[in-house]
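Work through the exercises below with the model open. Each task is followed by a solution in steps.

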Amino acid sequence: MKKGIIAVLFVLIAVGVSNAQVTAIRAGRIVDPETGTVASNQIILIEGQDIKAIGANVAIPPGATVVDLSRETVIPGMMDAHAHLCMNTQHKRDGGRYYFTTLLDSNAKRAIQGAVNAKSMLEYGFTAVRDIGNEGNYACVEVRKMINSGEIDGPTFITAGRIIAPYGGQFALQPDKQNLAEPEYLFADTRDEMKKAIRQNLHYGATVIKLVIDDQRYIYSVDDIKFAIEEAHAAGAKLAAHAWTAAGALNAAKAGVDSIEHAVAITDEALAIAKQNKVAIVPIPFTERDAVLSGTPGGNRETNERWFIDPVRRAHKAGVMMVWGPDVIYNTLEFPRGKVSIDTVDEWKMTGIPNLVILQTLTTNAARLLGIERNRGWLKPGYRADIIAVRDNPLEKIETVKDVVFVMRNGKIYKQGK
Ligand SMILES: [Zn+2]
């Protein structure tokens, strides 16, 4: 009897295995972003959601779908660690100021924008995205649930829910309009309020916690931030800290947050502490496209030099892990969200840091910060098949990442050819 059951089980397992979709990719080149090594003429075998084998001599089983990328370079799917998919500021209406979306765009509209933007991110090669707040009343949480259930197309999606901040958040409120920061922020000044805000976010589906450290004169102390980290980590969520000032970045680095967002004014002292405490920084480029759309061509050049290029160079020198996260808050019909994000590779190129490091910000470093490094971010057996292809070798020509010709996530092809 027992033997019979075991035999049936074996048959079922065998049937299950052979029924999984098998895809074989013929890759002209595979670049490993961790080591910078390049392997030529490789076969990647994908079964179901996972990579099964990679190598020059991997046999392609009969019946497998064969994808010919023999003229392309294959890399792991890219990741954006600082996105706001459920918000779309309009340059004319809002003058680039994101808080108008709170007043003028309904939660329903923002969820639809999130779905559109999620699809766009995937099409441009982003197989994972960390959304870092400003998502209305948990609009992006709904987008994430629909991606996970397969109802809509999108990347692996990590969402912050409402941003936690000292009173006032990122707003300059009026006493007679105190609720204008709803529903973007949870004001939390005391420890009890911080704990409750974190738990409220987790309860409503946040998978990362975002703190704004320093957008008011009163900022979170090192101990405040440590307290929040402990609470977030206890629930398995990482903590991202928005820091626009030198003092805010220093407190965040000392407390040991998972990432400092923007870090525009970070000092060398804070970078050294960040390195020691394994804190990542997510720098924010200031682009010419944004300046043009705002009606001020050339208006971002100096800002980009001071707040992006300089901190990136110093962080690289200090050996601090950097992660891609351009903080895009707009898109137009002409410039979809995924395109606006990946086009900022031009600003990264201006920093002069090695192409390999830029590629790491988009892949391996991002996977570590997102906490998904155990099954995404690398191309290796057992990992999820999040695979993209570009025309050239990004180690030689990093801007090739703007031209993604193939996208697979979880073993499913979302883009093939132009
Ligand atoms: Zn942001």
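**Exercise 1. Describe the hairpin of β1 and β2.**

Step 1. β1 and β2 form a hairpin with 4 residues between them, and Gly-36 in the turn has a positive phi of about 75 degrees. The model is predicted, with local features needing pLDDT of at least 70 and side-chain atom pairs counting only at pLDDT 80 or more, while totals for chains, interfaces and linings use all residues. Residues are numbered from 1 along each chain as its sequence is written, and side-chain values use heavy atoms, with hydrogens and water left out.

Step 2. Strands (E, at least two residues) and helices (H or I, at least four) are DSSP runs, numbered from the N terminus. Two strands pair if DSSP finds at least two bridges between them.

Step 3. β1 (residues 22-32) pairs with β2 (residues 37-47) in the antiparallel sense over 10 bridges. Val-22 stands opposite Glu-47, and Thr-23 has Ile-46 as its bridge partner.

**Exercise 2. Follow the pairing outward from β1 and β2.**

Step 1. β2 also pairs with β3 (residues 50-55), in the antiparallel sense and over 5 bridges. Ile-44 stands opposite Ile-54 in β3.

Step 2. The hairpin of β2 and β3 has 2 residues between the strands, and Gly-48 takes a positive phi near 65 degrees there.

Step 3. β1 and β4 (residues 65-76) run parallel and are joined by 7 bridges. Val-67 in β4 is the bridge partner of Ile-25.

Step 4. Is β1 enclosed or open? In β1, 8 of the 11 residues are buried, so the strand is largely enclosed by the rest of the structure. Buried means under 20% relative accessible area, exposed over 50%, and partly exposed in between (1.4 Å probe, protein chains only).

**Exercise 3. Give the strand order and pairing of the open sheet that contains β5.**

Step 1. The sheet has 3 strands in the order β5-β6-β7, with parallel pairing. β5 and β7 (156-159) are the edge strands, each pairing on one side only. The twist averages 10 degrees from one strand to the next, with axes fitted to C-alpha atoms and angles running from 0 to 180 degrees between N-to-C directions.

Step 2. β5 and β6 (residues 126-131) are joined by 4 bridges. Ala-83 has Asp-131 in β6 as its bridge partner.

**Exercise 4. Identify the protein donors of the zinc ion and place them in the fold.**

Step 1. Donors are N, O and S atoms within 2.8 Å of the metal (3.2 Å for Na, K and Ca); water is not among the atoms, so sites may look incomplete.

Step 2. His-82 (NE2), His-84 (NE2) and Asp-327 (OD) are the protein donors, lying 2.1 to 2.2 Å from the zinc ion. Their spacing in sequence is H-x1-H-x242-D.

Step 3. His-82 lies in β5 (residues 78-83) and Asp-327 in the loop between α11 (301-318) and α12 (337-342), so the pair ties together parts that are 245 residues apart in sequence.

Step 4. His-82 is buried, with a relative accessible area of 1%. Asp-327 is buried as well, at 17%.

**Exercise 5. Assess the burial of α14.**

Step 1. In α14 (residues 355-362), 7 of the 8 residues are buried, and the helix is mostly covered.

Step 2. The buried residues include Asn-355, Val-357 and Leu-362.
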